[in-house]
Amino acid sequence: FPPAVFPLSCVVQNYSWGKVGLESEVAKLVASGDPLVQIQPDLPYAELWMGTHPRGDALIRDNRIPQRTLGQWIADNPACLGAKVKDAFQGHLPFLFKVLSVNTALSVQAHPNKELAAKLHAQFPEHYPDANHKPEMAIALTPFEGMCGFRPVEEIVSFLQNVPELRALIGEVAAEQLERSGSDDPRGVSAALRVCFTRLMKSEKKFFVDQLNMLVKRISQEAAEGKDTSGSNGELLLRLHSQYPGDIGCFTIYFLNLVRLEPGEAMFLGANEPHAYLHGDCVEVMACSDNTVRAGLTPKFIDVLTLCEMLNYTPAPSSAKILAAAQSQLDPHVYLYDPPVPDFTVMRIEIPASIKLYLISAMDSASILLVIQGTAVGTSTAAASEMSLHRGSVLFVSANESISLHLSSPDGMLLFRACCLL
C-alpha cells in the first residue's frame, strides 16, 4: 500500500495585510517546520494554506509518493477521504485549513450562501469564481480582534447620537426610524437597520470623505486633550483610518460588533454575516470557495449593492459570536469546535507533559494535523517510516488511520486537527 499518512509542505500567501517577518505566527511556524526556509524580514507572511486549493495545493514531503501535491494524491486515492465525505463532497477535500497573521485590517466582507453563490457565479464569474458557500471559523492563537455581525440596536443608536458625522451620512429619516424601532418587532428592527447600513455604504464618495475627515480631526483633538473618545469608538476609528484613509469601511465600526478572542476561543462566520479581521493570529478553517463580497477597508473590487442586499441584519451582542469548544467525552485532551455546518470541524489537542505516549485516534474522515508546540516522533502503520513532529509540522491523515505520538518535549504538545464529521 502507498503511505496514507504523510507530512506536507504548505503554501504561504504574502498578502499586504499580514504581519511582517518573524513577527508573524505564519512565518514562525514555517521557519520551525522547515529549517531551510529563509524568512524575509520585511515581507508580510499573511496566510499558510493547508489543503488542496488550486492556488495553494500543499506539496507532499515523502519521496516514495509519486504524486507531487495533496490535490493530485486525493484525486488518485479518493477513498482516503472516508466513504461519507467522498460521496457528500464529490471526491474533494471539503475544507481549507489555514493559519492567519493579521497586522492591518482585512476588508469588510461577507460570504454568500449556496443559492446566492450559484447566482453570482453565473452572472459575474470574474468576481465570484465558484458556486459554493464559504462559512468560516477562526480560532485565536494569540489575542485576536475582529468585527462580526450587527451590534445590538441600542449600541448603534448610541453612536448615531454621539457621532454627528455618522448621522449626517445616514440621514435624519433613517436614523429616527432605527431609534423608534422597538425590540418587540424584530422584522421592523432588521428593516430599519438595512436602510441605515445601505444609506451609509451608498453615500456619495466626496460627502463621506469630508465627514470622515471631520470625524477623524475631532477625535484626534479630543484624544490629544486626554478626553474619553469611547462614545465615538475613537481608538478603533483612528487605527482603521491610519490603515485605510478615506475608506467607507471606517464607519462600519459603528454598526458591527468588535469581538475579542483569547487564545483557544473561536468565532464562527456563517453565510451573509458581515465581518472583518482586525489584528492577531488564528487558525482558520473554511469551506472550499473563493466567494467574497467586499465593501470597504480594501483596494479590491467592491460590490456594495450585493453586500447590502445579502447581509443578515439580525442584531446580537458580540458574546453571541463566540463559539466555545466542547471537551470530548471520549478523550479529555481533545476540545471540539463543531460549527453548525457539515463542511468542517476542528479539534484542539492539548497533551500535558506528563503523558509520553498519545494516540491520535482514527476517524472516518481525512484530516489535517498542525503542530503549534511540542515535539514528538509519530508512528503509523499507514506511514512509510517514523515522522519527526515539531512546531510547524503539518500532516495529512487519511480516514481510518491513527498515529502514535512518542512525546519528547518537556512542556507537552498543542495540535489542531481539521476534519469533516458527517
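A polar contact is a pair of N or O atoms within 3.5 Å; within protein, one of the two must be able to donate a hydrogen and the other to accept it. The structure examined here is a predicted model, and one such contact involves S289: a polar atom of the S289 side chain lies 3.4 Å from the backbone oxygen of N132.

**Surroundings of S289**

S289 is placed in the loop that runs between β13 (275-287) and β14 (293-296). The residue is buried, its relative accessible area being 4%. Leaving aside residues up to four places away in sequence, S289 touches D130, N132, H133 and K134. N132 is thus named among these touching residues and also supplies the backbone oxygen of the polar contact.

**Cysteines**

A disulfide is a covalent bond between the sulfur atoms of two cysteines. The search of the whole structure finds 0 disulfides. For C288, the closest cysteine sulfur is that of C420, and no bond is possible because the separation of 10 Å is too far. C419 is likewise in no disulfide, the nearest cysteine sulfur, in C420, being 7.4 Å away. As to accessibility, C288 is partly exposed, whereas C419 is buried.

The relative accessible areas of the residues discussed are as follows.

| Residue | Relative accessible area | State |
|---|---|---|
| C288 | 30% | partly exposed |
| S289 | 4% | buried |
| C419 | 0% | buried |

**Domains**

The domain assignment of the chain gives domain 1 (152-253) and domain 2 (327-419). Taken over C-alpha atoms, the centres of domain 1 and domain 2 are separated by 45 Å.

Note on methods. Residues numbered from 1 in each chain as written. Predicted model: local features only at pLDDT ≥ 70, side-chain atom pairs only at ≥ 80, totals over all residues. Heavy atoms only, no water. Domains from an automatic or database assignment. Disulfide = S-S within 2.5 Å. Buried < 20%, exposed > 50% of the residue type's maximum accessible area, 1.4 Å probe, protein only. Helix = DSSP H or I, 4+ residues; strand = E, 2+ residues; numbered from the N terminus. Contact = heavy atoms within 4.5 Å.
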